[in-house]
Amino acid sequence: MDLFDSKKKFSEPIEMSDYLFSLERQLEGEKTEKNVYVARVTQLELEVQQLKKQLEELTKPAFLVAVVTELINESQVIVKSANGLEFLVELRPELGLLEVGERLTLNQRTLSVIGKLPSAKDMHVHSMEVIEKPKITFEQIGGLTDEIRELEEIVILPLLYPEKFDALGIEMPKGILLHGAPGTGKTLLAKAVANKANATFISLTGSQLVKKFIGEGARMVREMFALASQKKPSIIFIDELDAVGAARNDSINGDREVQRTLMQLLAEMDGFTEKNGVCVMAATNRLDIIDSALLRPGRFDRIIETPYPNEKARTKIFEIHSKKMNLNTGIDFTELSAKTEFFSGADIKAVCIEAALTSLRENKEKVSMNDFLKGIKKIKKEEKNENETKMFS
Ligand SMILES: Nc1ncnc2c1ncn2[C@@H]1O[C@H](COP(=O)(O)OP(=O)(O)OP(=O)(O)O)[C@@H](O)[C@H]1O
Ligand SMILES: [Mg+2]
């Protein structure tokens, strides 16, 4: 018992000091661990800062501005960019709910949505494309020289020098209707006219006008004219005019709304004079079905056809669309032009793109004559298939 007690007395301080020692060691260990964590946190904070900076950099470059044209669901919308292309884009939840007509900024390369733009006045006018001054110039159009000259006289000069025309007392045509096969350069021409006249280009397609709810189409027409006179000089461009302006046919149901829109369009055209710096242009590839009320004097009283390009024009169009390509020597544009009878400007552009893709696929640095010939074959084949499906459908 004695022995036991003395042992106990003796061993207690030792145990205590052991214990203390181990506690100290543990504390030390934890301190080092803490230091490691603190260092890690600082490092991570630095990384976060760097990433934030990178993110800022990434979101900085010039953005593409696009207008929401259709809501698919909460996380997807269809947007239309200034060049007319439509994209289906994903939305981040932070953007909240969007409305048709709202403007978004997109990353140019990835087209991911960066953010919303504060609603500008223009955007009262839903799904309308407004370009301050289109970038297309007459130099980018092959052929169509007579058409360009005519437009110069009846649209560009009156818009640029309204006072001169006022003084002369000449009445200029109110509306110009461009008609021709698809891809023959109607939209291109209208944009180039706006560029030359330093005018705002406000465009809308007929099908957009008729898709709307009751009263919406007519309102859009009204707002479009209001916006045009606000932003004058301006050119109103209604693409696919046939969608609103097809001859009235009572047998078709649901046509009343379309007629209402058409009546509004006619009323607006009657109500404005060319003196207020607004010119109305429209395009169609179905002149045959356009309502005659639209073609009367004071409405679309000047009709200009965009024909398929002739051989000389085709050569020029080939040159225009391959200008930025890295071309091999010995490309004979006249020969290419001779091989592309009945090709539209858009077809020729497609041939050029196809040629560039072929050379890319074959890992060549330069585009050769052969690539162009392959392109022609491909586009011809596609057209043939298209015609065949049309025939059998
Ligand atoms: N005369 C031309 N010169 C140069 N490029 C042309 C010409 N015609 C058409 N193109 C090219 O074809 C593309 C389509 O032309 P555009 O959109 O003007 O055709 P469109 O007549 O409006 O067709 P759609 O009836 O289908 O609307 C243009 O982007 C342009 O690059
Ligand atoms: Mg067009």
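**Close-up views of helix packing and the ligand 1 site**

**View 1. Packing of α10 (311-321) against α12 (345-361).** In this predicted model, the axes of α10 and α12 lie 9 Å apart and the two helices pack at an angle of about 45°, where axes are lines fitted to C-alpha atoms, for helices over the stretch in contact, and angles run from 0 to 180 degrees between N-to-C directions. That angle makes α10 oblique to α12, given that angles under 35 degrees count as roughly parallel, over 145 as roughly antiparallel, 65 to 115 as roughly perpendicular and the rest as oblique. On the α10 side the contact is made by Arg 314, Ile 317, Phe 318 and His 321, and on the α12 side by Gly 345, Ile 348, Lys 349 and Cys 352 (contact: C-beta atoms, placed from the backbone, within 7 Å). By class, this contact has 4 nonpolar, 2 polar and 2 charged residues.

**View 2. Packing of α2 (residues 145-160) against α4 (186-196).** The axes of α2 and α4 come within 11 Å and cross at roughly 50°, and the two helices are therefore oblique to each other. Glu 147, Leu 151, Val 155 and Ile 156 of α2 meet Leu 189, Val 193 and Lys 196 of α4. The residues of this contact divide into 5 nonpolar, no polar and 2 charged.

**View 3. The shell around ligand 1.** Ligand 1 is surrounded by 21 residues, of which the closest are Pro 182, Gly 185, Leu 188, Gly 345 and Ala 346; a residue is counted if its C-beta atom, placed from the backbone, lies within 6 Å. The elements that give two or more residues to this shell are α4, α10 and α12, and by class the shell has 9 nonpolar, 10 polar and 2 charged residues. Because domain 3 (129-305) and domain 4 (311-392) both give residues to the shell, ligand 1 lies between them, the domain bounds coming from an automatic or database domain assignment.

**Conventions.** Residues are numbered from 1 along each chain as its sequence is written, while chains are lettered from A and ligands numbered from 1 in the order in which they are written. Local features need pLDDT of at least 70 and side-chain atom pairs count only at pLDDT 80 or more, whereas totals for chains, interfaces and linings use all residues. Helices (H or I, at least four residues) are DSSP runs, numbered from the N terminus. Ala, Val, Leu, Ile, Met, Phe, Trp, Tyr, Cys and Pro count as nonpolar, Asp, Glu, Lys and Arg as charged, and the others, Gly among them, as polar.

Methods. Contact = placed C-beta atoms within 7 Å.
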